Amino acid sequence: MDKMKIEWEINRKIWTASGIVLAVLLALGVNSKANIFAVFVGIAAFFVICSVKPALPEKFEKLKDWKLLWAALILFLSAFFTERAVQYLLVEPGNRGKLSNTNSWLNVFCCLIILLVVFAITASVRVSAIVGHLSLMILAFINYFVYQFRGNEFSFGDVKAAATGLSVASKYEFKLQPRAFYVIVLMMLFVALLRRIKIEFNKKWIFRLGAAALVAALFSYISVKTENTVMESWEQKGTYRNGYILNFALSIRDSFVSKPEGYSEEIIQALDDTYGATTQEGSDDDPTIIVVMNESFADLSIIGNIQTSEPVTPFLDSLAENTVRGYALASVYGAKTPNSEWEFLTGNSMAFLPSGSVAYQQYMSEEPYSLVSTLKERGYTCLAMHPYFSTGWSRNKIYPMMGFDEMHFIDDFDRSKIMREYITDEELYNKIIAQFEAKDDGEKLFVMSITMQNHGGYTDTYQNFTNHVQMTNGYYSDVNQYLTLVNESDKALEKLITYFENVDEKVEVVFFGDHHPGLNSDFYRQLNGKGLSGLSLQELQDLFTVPFFIWTNYESEEKEVEITSINYLSTMALEKADIELPTYNRFLKDLMEVVPAMNSRAYYSSSKERYRHYEDAAGSPEEDLLHKYEMLQYNNLFDDKKSTVFFPYYSGESEDE
């Protein structure tokens, strides 16, 4: 009876590399608290695979001629293994089993498409399997780390934001869990096996064409099967409901915005006729307007009972005179600051854009209509300030496009005034005050400022920073650091407001947080009893609710607002400044009466007095206005023929012209 022959290849390079890999894996394994026995088993298997050269018995030699069958089997098994490895890496044990068989196979097919694309280019089974597997696993590990510090998944909309994400990635603590370590070991073994494959084809162009045809067939099949599948990006739903690879593919699909149902030029014209144009004429009585969008500024008590060693924001809590204040819904959690900035400046909503997208980097066109264009028409000088790098979220391109007259980034600030590793709120406010004092007599100033001090993560320790505010009904070091940062923001805010209380000119200050911070999941579990998963719609919206206020140094309305949203704040700011509302803002004011708050996830219904999903709006009193809002936003962002009534900036009527 023929037996399989086994030869040993002693390759010094392989053994040297294996020794290095062994040392690295041992370190990773210990650090991740993985089973060290698994380390040695994995390394031993790796050595064997790299060193053993098996030879088939003669009676099986004919199997080598079945090249097409082996190629198909290897590519399919590679896709299957990759899908299983991705899901094992990304899904928490408690959520495993929630992926349906249908979606599981769709993920395998998505992986197979990637492998077949590489095969269509290279005609090499080995290269296709290795490159396809490693590419998809790298994507999975990117999502693994992004989810750790942001709390939601890495989607196609994040690709353009990669540079910004990398610029702050070093501030976060990346942890390798045991399962991540095991996946790394399995990847090594799998790639080592694939390197042993030697299948050569004649007439490679035939196989390339066949691979391309199969890609087209699989793509069509997946498209049809997922026509009504929603891309998810919260609490790992995308990963455990759709499967991560499929969910990422859906985020690519959703990056293309289609026309709202019933959209037409006639509909926009009818809205033009209903609302009519508004002419912005400046007034000498217009106040200086200062906007502070404060990084990761949130009130954690919204989520649940948190007790602290001292009040966290005593000054903000005391503001009442000449102040409209309350809470606003943001559309983002833990990251993607520019979406809050975009909603405030434009009055648009992320509700009508694909999940995971970044409006600044994907949907901005020349001369976009915004609060900047409105105030420039009234004769304002418009300044943008952010004490960080100008390239973050493409602000160096977006701000000139919006019409800002001046931009101040990190090099324009005193870089010695830092807290942890970021420039302080106080330094930003000092810069605002300096610009106010330097303006000409009678010059009207609008300042859009975005702070950096409170940016995550919150796990590192610093010689220049001590946690002096403590959570007293639990201990989480990152929460204590965050609470101290917010307390420092409150102190800086008091200095800013105190300064403008004592100036003779009229000043309005608009302040709001951009999103909640990403903190320890156990902390959220203590506050709401659930953590970040299994939340009701109300509980979910609590994680998107941030404080805001609009204050003036002159007599004005005082009001407590239970809930609004960031897309409405610029309308509220114009009203409080006694500036006639532009047409689009008049529409938003009407919408606010029916839908007082909304974000990317849901809206608050005045008629039902609760949050509702947008798909539940059918037949409700708010359905018509929400649909009109969506159509106006589409016209604003995507239609070549934009309404000159709602968006006059496009008509060339700005003061610059």
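## How H22 and H23 pack together

In this predicted model, helix H22 (residues 583-594) and helix H23 (residues 623-637) are roughly antiparallel to each other. Why do H22 and H23 count as roughly antiparallel? Their axes cross at roughly 150 degrees, and angles over 145 degrees count as roughly antiparallel. The axes also come within 10 Å, and H22 passes H23 in a left-handed crossing.

Which residues make this contact? On the H22 side they are Tyr584, Phe587, Leu588, Asp590, Leu591 and Val594. H23 brings Leu625, Leu626, Lys628, Tyr629, Leu632, Gln633 and Asn636. Sorted by character, the residues of this contact divide into nine nonpolar, two polar and two charged.

## A closer look at H23

You can check the length of H23 yourself. At 1.5 Å a residue, its 15 residues should span 21 Å, and the end C-alpha atoms are indeed 21 Å apart.

The buried residues of H23 are Leu625, Leu626, Tyr629, Met631, Leu632, Gln633, Tyr634, Asn635, Asn636 and Leu637. What do the buried residues of H23 pack against? Their partners include H22 and H11, along with helix H13 (337-346) and helix H21 (566-576). Strand E13 (597-598) and strand E14 (603-605) are also among the partners.

## Ile267, a neighbor from far along the chain

Ile267 lies in helix H11 (residues 265-275). Is Ile267 buried, exposed or partly exposed? Its relative accessible area is 31%, so Ile267 is partly exposed.

Leaving aside residues up to four places away in sequence, Ile267 touches Gly262 and Met631. Met631 is one of the buried residues of H23. Lys628 sits 361 residues from Ile267 along the chain, yet their C-alpha atoms are separated by 8.7 Å.

## Helix H4 and what follows

Here is another helix to try the length check on. Helix H4 (residues 101-122) has 22 residues, which at 1.5 Å a residue should span 32 Å; the end C-alpha atoms are 31 Å apart, which agrees. Just after H4 comes Ala123, with a positive phi of about 60 degrees.

## Arg395, a buried residue

Arg395 has its place in helix H16 (residues 395-402). With a relative accessibility of 1%, Arg395 counts as buried, because the cut-off for buried is under 20%.

Which residues does Arg395 touch, not counting those up to four places away in sequence? They are Thr337, Pro338, Glu341, Tyr360, His386, Ser390, Pro400, Met407, Phe409 and Ile450. Phe409 is 14 residues from Arg395 along the chain, and the C-alpha atoms of the two are separated by 9.7 Å.

Terms used. Residues numbered from 1 in each chain as written. Predicted model: local features only at pLDDT ≥ 70, side-chain atom pairs only at ≥ 80, totals over all residues. Heavy atoms only, no water. Helix = DSSP H or I, 4+ residues; strand = E, 2+ residues; numbered from the N terminus. Buried < 20%, exposed > 50% of the residue type's maximum accessible area, 1.4 Å probe, protein only. Contact = heavy atoms within 4.5 Å. Axes fitted to C-alpha atoms, helices over the stretch in contact; angles between N-to-C directions. Parallel < 35°, antiparallel > 145°, perpendicular 65-115°, else oblique. Left-handed = near helix turned anticlockwise from the far one by under 90°. Nonpolar A, V, L, I, M, F, W, Y, C, P; charged D, E, K, R; others polar. Expected span 1.5 Å × (residues − 1).
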